[in-house]
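Colleague: I'm new to reading protein models, and I'd love some help. Could you walk me through one, feature by feature?

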Amino acid sequence: MLNSLQHGGGVTDRLQWQSSHPELQLHDMRTFLQRAGLTLDELDHLNAIHVAGTKGKGSTCAFTEKILRNYGFRTGFFSSPHLVQVRERIRINGEPISKELFTKYFWQVHEQLDATKDSHGGAMPSYFIFLTVLAFHVFLQEKVDLAVIEVGIGGAYDCTNVIRRPWVCGVSSLGIDHTNLLGDTIEEIAWQKAGIFKPGVPAFTVKQPRGSIAVLQDRAKEMECPLFVCPDLEMYRVPPGSLRLGLEGQHQHSNASLALQLSFSWLQQRHLRGIHVSVRLPTAETTTLCQAPAFQLSPLMVKGLEDTRWPGRTQMLRHGPVTYFLDGAHTTHSMIACVRWFSKATTQQETPAEVSVVRVLLFNATGERDCAALLRPLVSCHFDFAVFCPNVAETAALSSADQHNSSMTVEKMLTRCLDNQRSWQTLSEGEETLGAKFCKVGRLPLVAEPRNNTLVFPSILSALQWISQGRDPVLASLGKPIIPVHPSITSKAQPLREAAGIHVLITGSLHLVGGVLKHLDPSLAR
């Protein structure tokens, strides 16, 4: 029933109209809230933390939620997309809500909407709007102390922006993405993201490109909203012992700093004691951009940062001789950060005793993204094989309903994979020049003629089976039938069977990463 909403109720003309009139989404969201029996006054009592951004907003929310949960608060956390099961989007105290709770609250909301659709022209909400309404309903029914709300796309017209009185807002790193909805320039995108600012509500952001920070500042002034820029993570004072983040990668430092400021601002408004720092919030008349203070971190904050887990982002899984590096990077800048993380991590692992490690790229991208631009930074990693597959976990008949996508046919997905394969072959021909400005790994491919070692598979499972060659004990233990391939493809896999280790980078799409985790981490599927 939920997946039927991926068609937006089947009203194609209305969806096309909405893409050119994005403010309609907020209007519709308010209507659907009312039809579901929820009021904006009730949402005011969620004590929300609202976070937008192009890169890192999910990680920022995960850090923030964990810190405040450490203080003993009952937390709600709404995020998107999910990796394996849709219940991941709605969390209570850091855990996806149970199947029983999801079922209970799903039908409560759906029945209210279904009962009122005839008086509203048969309209039902889109998939994302329904899940947003459902999340608000769950958080209210479960009586959370606060709700951490991650924006879906943009900010100004995102359906989460019905929240009128968040306690604090945040904007993570900005970049170019979703240009068909948000605009082609960093300034246009910054305008959209800053749409979550509310009068008198403190807002925090990280260091941004000059053009975007000016737009954020103008929007804050227009909204009479105090705006702070977070300090570098290294500037905070910490108790004895080094500060370590639960999420790897240098780019997570700015996300952690933003999370500290959001958490601290929220705690201030709860008048909690034990954090000894005096901060003067700017008045509504303030026109200058303020530097947020680098305060003394409490032990609960330090532990929150260290214990944060957010699957699919700079994540490593070791399964025997096969090591998987998973990162859902899907913008050019996030891909560069992914390459830096992968290069550092593999360099540390590929010791002289393991010179025969084979590197494999598993890639896919969705939407209207420029796949060639995403692939370009990856060339410098000197992969022995580049593998492409659609975001289909296994065969269409066996794929999980949680990962169903009605917006694109399998044929179109495979056509895009073939296009990505051709782009990779073209980029590989100019590897030396194209990879020069990105991090150099200091490694040459083990397999000769890497241009010919690109393959397209029809599903994630078939790709993983070929890459691992039966050497991944977790994947083998699932007992899935081996999907047959042409003998010429089997012969290409000889280096994978003989190598001391296999390092696999999986990137380009969080949906791809989720489909991979469905097979590699059975606990997520449960």
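Modeller: Happily! Let's begin with a strand, β15, in this predicted model. Both of its faces are covered: G501, H503, L505 and T507 are buried on one side, and I502, V504 and I506 are buried on the other.

Colleague: Why do the residues fall into two sets like that?

Modeller: The general idea is that in a regular strand the side chains alternate between the two faces of the sheet. For β15, which spans residues 501-507, seven of its seven residues are buried.

Colleague: Which strands pair with β15, and in what sense?

Modeller: One is β11 (residues 322-327), which pairs with β15 in the parallel sense over six bridges. In that pairing, F325 stands opposite L505. Another is β12 (residues 357-363), joined to β15 by seven bridges and also running parallel. There, V360 stands opposite V504.

Colleague: How should I read a sheet as a whole?

Modeller: List the strands in the order in which they lie side by side. This structure has an open sheet of nine strands, with the order β4-β3-β2-β5-β1-β6-β7-β8-β9 and mixed pairing. The strands at its edges are β4 (95-96) and β9 (290-291); each has a single partner strand, so one side of each is left without a neighbour in the sheet.

Colleague: What packs on this sheet?

Modeller: Helix α6 (residues 127-141) does, touching β2 (75-78), β3 (90-92) and β5 (146-150). The direction of α6 makes about 15° with that of β3.

Colleague: Could you show me one pairing inside the sheet?

Modeller: Take β6 (residues 168-171) and β7 (residues 203-205), which pair in the parallel sense over three bridges. V171 has T205 in β7 as its bridge partner.

Colleague: Now the rings. How many aromatic pairs does the structure hold?

Modeller: It holds 18. To read a pair, look at the distance between the ring centres and the angle between the planes. For F204 and F228, the centres are 4.9 Å apart and the planes are at 15°, so the pair is stacked. F204 is in strand β7 and F228 in strand β8 (residues 227-229), so to speak a link between distant parts of the chain, 24 residues apart.

Colleague: Are F204 and F228 buried or exposed?

Modeller: F204 has 4% relative accessibility and counts as buried. F228 is buried too, with a relative accessible area of 3%. The cut-off to keep in mind is that buried means under 20%.

Colleague: What does an edge-to-face pair look like?

Modeller: Try F385 and W466: their ring centres are 5.2 Å apart and their planes stand at 85°, so this pair is edge-to-face. F385 lies in strand β13 (residues 385-388) and W466 in helix α16 (residues 460-468), so the pair ties together parts that are 81 residues apart in sequence. F385 is buried at 1% relative accessibility, and W466 is buried at 3%.

Colleague: Which residues do ring pairs link into a cluster?

Modeller: F325, W341, F342, F383 and W424. You met F325 before, opposite L505 in β15.

Colleague: Which charged residue lies over the face of W191?

Modeller: That is R219, at 3.8 Å from the ring centre.

Colleague: How do I describe the surroundings of one residue?

Modeller: Ask where it lies, whether it is covered, and what it touches beyond its neighbours in sequence. C225 lies in the loop between α9 (210-223) and β8. At 6% relative accessibility, C225 counts as buried. Beyond four places in sequence, C225 touches F197, K198, G200, V201, A203 and A220. The C-alpha atoms of C225 and V201 are separated by 5.7 Å, though the two residues are 24 apart along the chain.

Colleague: And what would the same questions give for S263?

Modeller: S263 lies in helix α10 (residues 252-269). It counts as buried, at 0% relative accessibility. Leaving out residues up to four places away in sequence, S263 touches T64, I67 and L68.

Colleague: Last one: how far can I trust what I see?

Modeller: Where pLDDT is low, the predicted coordinates should not be read in detail. For this protein the mean pLDDT is 87, and 85% of the residues reach 70 or more. Over residues 8-17, however, pLDDT stays under 50, and the model has five contacts for them beyond four places in sequence. Residues 276-280 also have pLDDT below 50, with five contacts in the model beyond near neighbours in sequence.

Methods. Residues numbered from 1 in each chain as written. Predicted model: local features only at pLDDT ≥ 70, side-chain atom pairs only at ≥ 80, totals over all residues. Heavy atoms only, no water. pLDDT = per-residue confidence, 0-100. Contact = heavy atoms within 4.5 Å. Pairing = 2+ DSSP bridges. Helix = DSSP H or I, 4+ residues; strand = E, 2+ residues; numbered from the N terminus. Axes fitted to C-alpha atoms, helices over the stretch in contact; angles between N-to-C directions. Phe/Tyr/Trp six-rings, centres within 6.5 Å; stacked < 30°, edge-to-face > 60°. Buried < 20%, exposed > 50% of the residue type's maximum accessible area, 1.4 Å probe, protein only. Lys NZ or Arg CZ within 6 Å of the ring centre and 35° of its normal.
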